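Biologist: I have this model open and would like a close look at a single part rather than a tour of everything. Pick one strand in the middle of things, and walk me through what surrounds it.

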Amino acid sequence: MPSIAVHGSAVLPRGLVQSVARHLNEFDEDSGGHWLAFAQELIEQIAGSETQRGLLILAECCQCAAPEAEAPCDPLRRTIEGLAARGHAVLEGALAAEACQGNPNVFRVWLGSPTNGAGMLHLILHPEHFNEHSLPGIIADTFLEWSNARHLDSTR
């Protein structure tokens, strides 16, 4: 199942990821209302709690990481990766964008002018050109078009 990561050089409007998830729950008929928004503060709480990770059926964070691993384990990053892989997650922040960069099932949105890595983005919006109430619908509807196109491509 796909997920969405939102970040940018501009400050994200308050409640944006929650509004995107709400829009998707209303208009994504195939999701069954399973879209969840994960603000940075919530992700940090989940990463710090084995119980919460268990409730979300996320893999153990770092406990099974080999000591000779190339990079030290980052529980926050692992939690973000797990939420994105689980699907139906709308994530926000720099770490979410970076952690999801290599995941082909994550629709990546940037608000503002990208400094680098624009090729890895699916949607770039300049929020100053939009009413902040229209941004969630624009992001969600563009995601649905992307998702439908991927599905059509896979059935050909």
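Modeller: Happy to! Whenever I say that residues touch, I mean heavy atoms within 4.5 Å. One useful way in is L121, which touches R108, W110 and P114, leaving aside residues up to four places away in sequence. L121 belongs to the loop between β4 and β5, and β4 is the strand I would like to show you. The C-alpha atoms of L121 and A97 are 9.4 Å apart in space, with the two positions 24 residues apart in sequence.

A quick word on the ground rules. This is a predicted model, with residues numbered from 1 along each chain as its sequence is written, and local features need pLDDT of at least 70, side-chain atom pairs pLDDT 80 or more, whereas totals for chains, interfaces and linings use all residues. Side-chain values rest on heavy atoms, without hydrogens or water.

The protein has six helices and five strands (DSSP runs numbered from the N terminus: H or I of at least four residues for helices, E of at least two for strands). Starting at the N terminus, the order of elements is β-α-β-α-α-α-β-α-β-β-α.

Now to β4 itself. All six of its six residues are buried, so β4 is largely enclosed by the rest of the structure (buried is under 20% relative accessible area, exposed over 50%, partly exposed in between, with a 1.4 Å probe and protein chains only). In a regular strand, side chains alternate between the two faces of the sheet. In β4, V106, R108 and W110 sit on one side, while F107, V109 and L111 sit on the other, and both faces are covered.

Next, the neighbours within the sheet. The five strands form an open sheet in the order β2-β3-β1-β4-β5, with parallel pairing (two strands pair if DSSP finds at least two bridges between them). At the edges are β2 (36-38) and β5, each of which pairs on one side only. On average, neighbouring strands of this sheet are turned by 20° against each other, direction ignored (axes are fitted to C-alpha atoms, for helices over the stretch in contact, and angles run from 0 to 180 degrees between N-to-C directions). Helix α1 packs on the sheet and touches β1, β2, β3 (89-92) and β4, with its direction at about 165° to that of β3. Helix α2 also packs on the sheet, where it touches β2 and β3, and its direction makes about 85° with that of β2.

On one flank of β4, the parallel pairing with β1 runs over six bridges, and A5 stands opposite R108 of β4. On the other flank, β4 pairs with β5 over three bridges, again in the parallel sense. There, L111 has L125 of β5 as its bridge partner.

A good residue to visit next is H7, which lies in β1. H7 counts as buried because its relative accessibility is 19%. Apart from residues up to four places away in sequence, H7 touches V109, W110 and L111, along with L12, G93, A94 and A97.

The strand also takes part in a wider assembly of side chains. The largest nonpolar core (buried Ala, Val, Leu, Ile, Met, Phe, Trp, Tyr and Cys residues joined through side-chain atoms within 4.5 Å) has 22 residues, of which I4 and L24 touch the most other members. Two or more residues come from each of β1 (3-8), α1 (16-27), β4 (106-111), β5 (123-125) and α6 (135-155). With six residues, α6 gives the most to this core. L24 shows some of these meetings: beyond four places in sequence, L24 touches I4, S31, W35, V90, A140, F143 and L144. A second core of 18 residues is separate, and includes L56, L76, L83 and L91.

Finally, two values for the whole protein put the strand in context. Of its 156 residues, 42% count as buried. Among contacts between residues at least 6 apart in sequence, 58% join residues at least 24 apart.
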